[in-house]
Amino acid sequence: MITKRIIPCLDVKNGRVVKGVNFENLNDVSSPVDLAQFYSSCGADELVFYDITASSDGRAIFTDILKETASKVFIPLTVGGGINTLDDFDRVLKCGADKVSVNSGAIKNPSLIPMAAEKYGSQCVVLSADVKRVDGRFTLFAKGGRENTGIDALEWIKQGVENGAGEIVLNSIDTDGVKNGFDIEMLEAVSDIVSVPVIASGGAGCIEDFVTLFKTLPKVDAGLAASIFHFGEVQIPELKKVLKQNKINVRL
Amino acid sequence: MITIIDYGVGNIFSLYQSFKAIGADVELTGDFEKIKNSDKIVLPGVGAFGDAAKILFDTGLANLIKNEVNNGKPLLGICLGMQLLFEKSYEYGEYEGLGLIKGSVKPIADVISSDFKIPHIGWNSLTYPNKSRLFETTPEGSFVYFVHSFYADTPEENIIAMTEYGAPLTAAVANENIYGAQFHPEKSGDVGLGILKAFYERT
C-alpha cells in the first residue's frame with residue numbers, strides 16, 4: 001500500500017541550514033549533513049535541500065554538502081534553488097540529487113521544464129510554486145515569494161504538468177510560517193487540476209495539521225515542513241504514529 | 001568485486017555510495033575487461049527504455065552482459081536496469097530488451113485503476129510470491145521507494161516481490177543468477193541497503 005510522505009525541507013545557505021518566518025528573518029539551525037542523517041534515521045520519507053545562496057562560491061559549498069549527504073543518507077533527495085538551466089540540473093544530479101525542483105528559473109524560462117523532462121524524465125522534474133492570494137485570485141510569486149509575477153497560479157501549474165513536471169510542491173505564502181495549518185483551499189484547487197503527486201507546503205504547526213491535511217484531502221501525497229521539524233516542535237516518529245492511528249498509511 | 005555498469009544513463013552516484021556503505025568492493029565502470037573480471041554486475045538506469053537499450057546494443061555492452069550472465073555471474077538490474085532484462089518494452093513504441101527474463105514492459109496505466117496517479121512515486125510495501133536470496137534478510141511488508149510508470153509483465157514464477165498500487169505490480173524478479181528490482185534499493189534507507197547486502201553476500 002502506497003504511503004503518505006513526510007518531507008523535511010532544509011534551506012541551505014553557506015553550508016548551513018536556515019529557515020525564516022515568511023521567508024525572512026533567517027535563523028541558523030544546524031549542519032545539513034547531520035540534520036539529513038538525523039531525519040533519515042527517524043523516518044523522514046524524503047528530503048528537500050533548497051540552495052538559497054546566490055554566489056558561485058555558495059554554489060560550490062552547496063554541491064559539496066549535497067555530495068556528502070548523498071554518501072550517507074539513502075532516501076530520495078530533491079534539490080532546489082538556483083536551478084535555471086539544464087547545466088544546473090546536471091550539476092546537482094551528479095552530486096546525488098534524485099529530483100530537481102524548479103521555481104523562479106522556470107518563470108524566467110518556461111522551456112526549462114519540457115527540456116529537463118525530455119532529458120532526465122518527468123520523475124526528475126518537480127515544479128515548486130510559491131502562491132499567494134491577490135484580490136482573491138491564486139497568484140504566482142517569484143524570487144522566494146518576494147515578487148508578484150501577476151501569473152495565474154492554477155494556470156501556471158496546469159501548464160507545468162502538461163510540459164512534463166512530474167510532481168508539484170505547492171507552497172502557500174499565505175499560510176507559510178503562520179503555523180496554523182496547511183492551506184487546504186489552495187491545495188484542493190491544485191489537486192483538482194493535476195494528475196501528478198502534490199506536496200503540501202507552508203503552514204504546518206503541529207501534528208494535527210498533518211492529520212487534517214491527509215484526512216481532508218486524500219489526493220495530497222506528501223506534507224513538507226521545515227522549522228517545526230528543525231526545532232523539534234513536531235517529531236517525525238510521533239507524527240507517523242498519530243497518522244497511523246488515524247488510519248492514514250505511512251511507512252513505519 | 002562488483003561493477004556498476006556506467007553507460008551514461010541515470011543517477012548512479014547514490015547507487016555507488018550505497019554499495020560502499022555496506023562495505024562492498026565496488027567500481028563504477030564501462031570498461032569491458034573490468035566488467036569481465038568482476039564477480040557481480042549491477043545494471044542501473046533511469047530514463048527512457050529505447051535510448052538506454054540503444055546504448056547497450058550499440059556499445060556491445062548488451063552482448064557482454066549476456067555472456068557474463070550466461071556464464072553464471074550474478075546480475076542485479078535496478079529500475080530501468082530491471083526493465084532492460086526483459087524481451088521487449090512498449091514504452092513510447094516497441095523496443096527490444098536483453099531478453100534475459102521472459103516477459104515485457106508495459107504501461108502501468110493499462111492495469112491500475114484510474115484514480116491512482118502516474119508515475120507511481122513513493123514508499124510502498126513488498127510481498128513475496130516466491131522465495132529469493134535477495135529478500136532473505138528483508139521481512140514481508142517492508143517499505144521500499146518506487147518511481148516508475150511502466151511495469152514488468154512476466155510469468156509468476158519469475159516474480160520474487162510484488163507491490164500493490166491500484167493493482168498488483170511486479171516489484172522484483174529473478175531467473176536463476178539474474179535479479180531485478182523495479183524499486184530503488186539505494187533510495188530505500190536501511191531496508192534497501194539490506195537488499196543490496198543480500199545481493200552482495202548471498203547470490
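Let me start with Phe86(B), whose bridge partner in strand 7 of chain B is Ile101(B); please keep in mind throughout that this is a predicted model. That bridge belongs to the pairing of strand 5 of chain B, residues 86-89, with strand 7 of chain B, residues 101-107, and the two run in the parallel sense over three bridges.

If we step back to the sheet around this pair, we find an open sheet of four strands in chain B, in the order 6-5-7-10 and with mixed pairing. Strand 6 (95-96) and strand 10 (150-153) of chain B stand at the edges, and because each has a single partner strand, one side of each is left without a neighbour in the sheet.

Turning now to chain A, I would like to look at a pair of helices. The axes of helix 1 of chain A, residues 32-41, and helix 2 of chain A, residues 56-70, come within 9 Å and cross at roughly 30°, and since angles under 35 degrees count as roughly parallel, helix 1 of chain A is therefore roughly parallel to helix 2 of chain A. The crossing of these two helices of chain A is right-handed. On the side of helix 1 of chain A the contact involves Pro32(A), Val33(A) and Ala36(A), which meet Ile65(A), Glu68(A) and Thr69(A) of helix 2 of chain A; by class, this contact has four nonpolar residues, one polar and one charged.

Finally, how many residues does each chain bring to the contact between chain A and chain B? Chain A gives 25 residues and chain B gives 24 residues, and the side of chain A that touches chain B divides into ten nonpolar, eight polar and seven charged residues.

Conventions
Residues numbered from 1 in each chain as written. Chains lettered and ligands numbered in written order. Predicted model: local features only at pLDDT ≥ 70, side-chain atom pairs only at ≥ 80, totals over all residues. Contact = placed C-beta atoms within 7 Å. Nonpolar A, V, L, I, M, F, W, Y, C, P; charged D, E, K, R; others polar. Pairing = 2+ DSSP bridges. Axes fitted to C-alpha atoms, helices over the stretch in contact; angles between N-to-C directions. Parallel < 35°, antiparallel > 145°, perpendicular 65-115°, else oblique. Left-handed = near helix turned anticlockwise from the far one by under 90°.
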